[in-house]
Amino acid sequence: MVRTTLSAAEARRVALAAQGFGRPRPDAVTARAVSATAARLGLLQIDSVNVFERSHYLPLFARLGAYDKAALDRITLTQRSPWLEYWAHEAAFVPRDDLRLFRWRMDAYRERDTTRPNRAAGLERTARVRGELLALLAAEGPLPASAVEHESNVRRGPWWGWSDVKHGLEQLFRWGDVVSAGRAGFERVYALPDQVLPTGFFAAAPDRPDAVRELVRRSARAVGVGTRADLADHHRLRSDDTAAAIADLEDAGELVPVSVAGWKDRAWMHVDARVPRRIDSDAVLSPFDPVVWFRPRAERVFGFHYRIEIYTPAPKRVFGYYVLPVLQDDALVGRVDLKSDRQRGVLHVRTAWHEPGAVVDVERLAALLRRTAAWQGLGDVEVTDRGTAAAALAGALGVRPLPGDPTSGTA
């Protein structure tokens, strides 16, 4: 029977089930399981912050438990990997063949960059560089930006220096004139399309309406149930494009309009979405996990107000530097600020918090953090006495809480 109404709790469970939570975890995670879980997610957002672990590794750990990161590296980081990078949400790994679904976006970026007056100066400055870069890649094959950089072409800014080489490569990458060819030391490697993709690869790309419809179809499978804004955000689509795709998919019977208790906006559920009676899960989520990456949805679905504080000056931080939501069953019950201290071999819990109106099961969280430390190749777990759950978590771990830094801004 097709559901037309959902309670708030049912919507949470639909969303988590669509993301692969609530499934039995394998005793041993094979490379095939890693590939299958990545394929289910469809994209893995990339972020360079490595204070705990790079973001794209974390969604698979949240769903599978400890796995060999080298298995994911083989999918994403080599020149012949079956996944490549593009601006699919933010910067993200996507299956190689899915790059065709973003050909229209490449064309839209080119049109925007070449027709807007405020971008003209930058394009004019890098025009010669872009031509030289294309010739260099044709002659030498795939290269990272650092292989072309030298001191004289670096333009220093107040935060970091982006040279005309880097600007030129990024422009060509946005337009599809170059593509990613894996990463070297986590630096993106650039290549001409024919060096990485089959000849004529983009000739088979669908037009914009068909591509957007397919992307919204995939978004609907990934979110389970969502508003137009939810479906649009998953691949960072325009609202009007998304609305047209939703109408087509609703007419085809793939999306079902539903009313969700407490949601102000209209919602749609994918016809194949499950409504589980319960979700059993224990996970810490990356700030860029699809469950929480669209902050308005995290607040609407889970009552979880979340803002990453990496770029907030330390005295103004509320919860910490690299704060991960704590998922227990179908609720986000807390948050922890984690750091992998690889020199000392310690997983450092710098802050730990209960959510308002919720209580973290600290015994379950302690067990999860021990598994997390082991996955990171670390030994001990230590806890700083900052946050409403810190003392209880330290007790569950059997460690003495460390004194917090009163100047850290995490109160």
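**Close-up 1. Helix 7 of this predicted model, residues 164–175.** Helix 7 has twelve residues, and from its first C-alpha to its last it reaches 16 Å. That is close to the 16 Å expected at 1.5 Å a residue. Have a look at the surroundings too: eleven of the twelve residues are buried, so helix 7 is largely enclosed by the rest of the structure. Among the buried residues are Asp164, Lys166, Glu170 and Arg174, along with Leu169, Leu172, Phe173 and Trp175. Just after the helix comes glycine 176, with a positive phi near 85°.

**Close-up 2. Where helix 1 meets helix 9.** Here helix 1 (residues 8–18) and helix 9 (residues 208–223) cross at roughly 115°, and their axes come within 6 Å. This makes helix 1 roughly perpendicular to helix 9. On the helix 1 side you will find Val14, Ala15 and Ala18, which meet Arg221, Ala222 and Val223 of helix 9. Sorted by class, this contact has five nonpolar residues, one charged residue and no polar ones.

**Close-up 3. An open sheet of three strands.** Follow the strands across the sheet and you will read the order 2-4-3, with antiparallel pairing. Strand 2 (44–45) and strand 3 (83–87) stand at the edges, each with a single partner strand, so one side of each is left without a neighbour in the sheet.

**Close-up 4. The pairing of strand 3 with strand 4.** Strand 4 (residues 91–95) runs antiparallel to strand 3, and five bridges join the pair. To pick out one of them, start at leucine 84: its bridge partner in strand 4 is valine 94.

Definitions and conventions: Residues are numbered from 1 along each chain as its sequence is written. This is a predicted model: local features need pLDDT of at least 70, side-chain atom pairs count only at pLDDT 80 or more; totals for chains, interfaces and linings use all residues. Side-chain values use heavy atoms; hydrogens and water are left out. Axes are lines fitted to C-alpha atoms, for helices over the stretch in contact, and angles run from 0 to 180 degrees between N-to-C directions. Helices (H or I, at least four residues) and strands (E, at least two) are DSSP runs, numbered from the N terminus. Angles under 35 degrees count as roughly parallel, over 145 as roughly antiparallel, 65 to 115 as roughly perpendicular and the rest as oblique. Contact means heavy atoms within 4.5 Å. Ala, Val, Leu, Ile, Met, Phe, Trp, Tyr, Cys and Pro count as nonpolar, Asp, Glu, Lys and Arg as charged, and the others, Gly among them, as polar. The expected span of a helix is 1.5 Å times one less than its number of residues. Buried means under 20% relative accessible area, exposed over 50%, partly exposed in between (1.4 Å probe, protein chains only). Two strands pair if DSSP finds at least two bridges between them.
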